[in-house]
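Please open the structure in the viewer and keep the selection panel at hand. The tour below proceeds one selection at a time.

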Amino acid sequence: MNMNYTNEELAFRNEVRAFLEEKLPADIAEKVKGFRHLSKEDHQRWQQILSRQGWYATHWPEEYGGVKWTPVQKHIWDEESCRYGAPRSIPFGVNMVAPVIIRFGNEKQKQTYLPRILSGEDWWCQGYSEPGAGSDLASLKTRAVRQGDHYIVNGQKTWTTLGQYANMIFCLVRTNTEVKAQEGISFLLIDMNTPGITVRPIITLDGAHEVNEVFFEDVKVPVENLVGEEDKGWTYAKFLLTYERTGLAGIGLSKAALSHLKELASRRLKNGRPLIEDTSFSQRIAKVEIDLSAAAISNLRIIASVEGGGVPGAESSMLKVKGTEIRQSINDLARRAIGPYAIPFVAEELNLEHEGEFLSDENAAPLSAYYFNNRKLSIFGGSNEIQKNIVSKMILGL
Ligand SMILES: Cc1cc2nc3c(=O)[nH]c(=O)nc-3n(C[C@H](O)[C@H](O)[C@H](O)COP(=O)(O)OP(=O)(O)OC[C@H]3O[C@@H](n4cnc5c(N)ncnc54)[C@H](O)[C@@H]3O)c2cc1C
């Protein structure tokens with residue numbers, strides 16, 4: 001297997017770099033590099049720039065407006081866009097529900113929803129988890145009962161990321177209670193503006209409003225919003241999860257975070273000398289850098305196998321565990337580099353327009369908030385414990 005880029009791939013990388021230099025708005029990149037939250041408008045602005053370039057739907061077939069990139073090209077895009085500080089695409093529409101609609105939806109659903117995802121007209125969120133159904137997702141209880149041309153939906157979803165911005169939610173609902181848990185689930189597309197839906201914020205450790213609870217009370221959903229067949233939703237849900245896990249390793253994000261960490265540790269002083277020269281601290285950086293190099297090679301190995309026609313299997317679980325542990329370690333070291341300034345939480349300092357005096361480095365407060373926010377990495381997309389169960393069964397044969 002040849003791990004070096006070909007001439008065509010190097011030319012593609014130059015094209016990506018030129019695009020990012022010209023088109024990535026400086027204010028958005030500044031927020032991303034400074035660990036600040038992006039507004040809905042920031043996300044939409046960048047999405048539209050990508051759509052105009054034809055580079056938004058990187059997982060879709062060309063006939064629906066996708067872009068024909070090889071896995072290596074996708075990897076190059078991931079690395080370069082993280083390095084330049086481009087926002088990650090919000091995955092729920094473009095990378096999650098769209099592949100399900102393309103694979104299992106009917107013609108009308110494809111014609112209705114895909115163009116609206118490409119144009120940014122619809123903002124989707126994911127209604128899988130419930131208070132009693134996370135790792136054990138099949139035990140979900142949100143009920144959909146058919147009445148004529150509609151389903152009547154009652155129940156609750158939780159941890160709904162950016163649900164406060166969404167006008168559409170894809171939901172797993174229980175349509176049959178008489179059969180095995182997995183066999184009575186359906187996949188519904190629901191307009192968030194339907195009467196009976198209430199969205200309530202959950203404020204996370206970093207003080208941010210990123211996740212929500214969503215309540216459904218006698219919500220009328222047209223039967224035409226059912227994807228595929230009734231009671232077959234578990235198959236579609238699992239298909240979607242393979243897309244969710246793709247990219248969770250965040251190799252590009254970790255590489256960008258590592259170079260930021262080195263730069264930060266070169267600026268911060270310990271006993272009058274740059275922190276990066278401190279033996280114990282530099283050893284920690286070296287360890288995480290070695291782990292990251294190993295994960296990056298594993299990632300390329302999986303990419304090479306996909307190029308050769310393979311399917312990413314349990315290896316993607318391994319990569320999710322290692323990749324998220326690495327990202328959390330880098331966040332931890334950066335927080336330590338800020339030292340005592342990571343402790344006081346001055347919410348105003350999260351805002352780039354803050355006009356008062358900063359306690360320390362102007363990125364200290366956002367960096368600390370980012371550390372807390374990223375505790376989520378080992379929980380969502382299937383917790384790391386669950387991924388380890390998969391690795392132990394599928395790879396180690398235990
Ligand atoms: C920030 C954030 C955003 C999220 N966004 C969304 C979203 O947009 N939409 C959505 O539907 N969901 C979302 N989730 C939910 C996420 O998918 C679940 O939190 C996750 O699947 C874990 O489920 P749980 O929280 O119910 O924990 P539980 O399943 O109750 O697990 C609790 C603990 O027990 C461990 N555990 C459970 N079962 C096993 C087992 N069999 N073996 C070993 N250990 C086990 C888990 O690893 C975990 O440590 C989000 C979660 C977070 C934190």
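How many residues surround the ligand, and which are the closest? In this predicted model, the ligand is surrounded by 17 residues. Select Ser-135, Trp-159, Thr-161, Ser-383 and Glu-385 to display the closest of them.

**The polar contacts of the ligand**

Retain Ser-135 in the selection and show its side chain. An N or O atom of that side chain lies 2.6 Å from an oxygen atom of the ligand. Next, add Asn-389, whose side chain places an N or O atom 3.0 Å from a nitrogen atom of the ligand. Then display the backbone of Gln-126; here a polar backbone atom is 2.9 Å from a ligand nitrogen atom. Of the 970 Å² of accessible area that the ligand has on its own, the protein covers 66%.

**The shell as a whole**

Now select the full shell around the ligand and colour it by residue class. Seven of its residues are nonpolar, eight are polar and two are charged. Which helix gives the largest share of this shell? Select residues 384-394: this is helix 12, and it contributes three residues, the largest share.

**The domains**

Colour the protein chain by its domain assignment, which gives domain 1 as residues 7-89, domain 2 as 123-233 and domain 3 as 246-394. Where does the shell around the ligand come from in these terms? Domain 2 and domain 3 each supply at least three residues to the shell.

**Between domain 2 and domain 3**

Hide the ligand and turn to the boundary of these two domains. Their C-alpha centres are 32 Å apart. In the contact, four residues belong to domain 2 and eight residues to domain 3. About 500 Å² is buried between domain 2 and domain 3, and carbon and sulfur atoms give 54% of that area. As the final selection, choose Leu-205, Asp-206 and Glu-210. These residues supply 79% of the area that domain 2 buries against domain 3, more than any other three residues.

Definitions and conventions. Residues numbered from 1 in each chain as written. Predicted model: local features only at pLDDT ≥ 70, side-chain atom pairs only at ≥ 80, totals over all residues. Heavy atoms only, no water. Near = heavy atom within 4 Å. Polar contact = N/O pair within 3.5 Å; in protein donor to acceptor, adjacent residues only side chain to side chain. Areas by Shrake-Rupley, 256 points an atom, 1.4 Å probe, with all protein chains shown as cover. Helix = DSSP H or I, 4+ residues; strand = E, 2+ residues; numbered from the N terminus. Nonpolar A, V, L, I, M, F, W, Y, C, P; charged D, E, K, R; others polar. Domains from an automatic or database assignment. Contact = heavy atoms within 4.5 Å. Buried area = accessible area lost by both parts, 1.4 Å probe.
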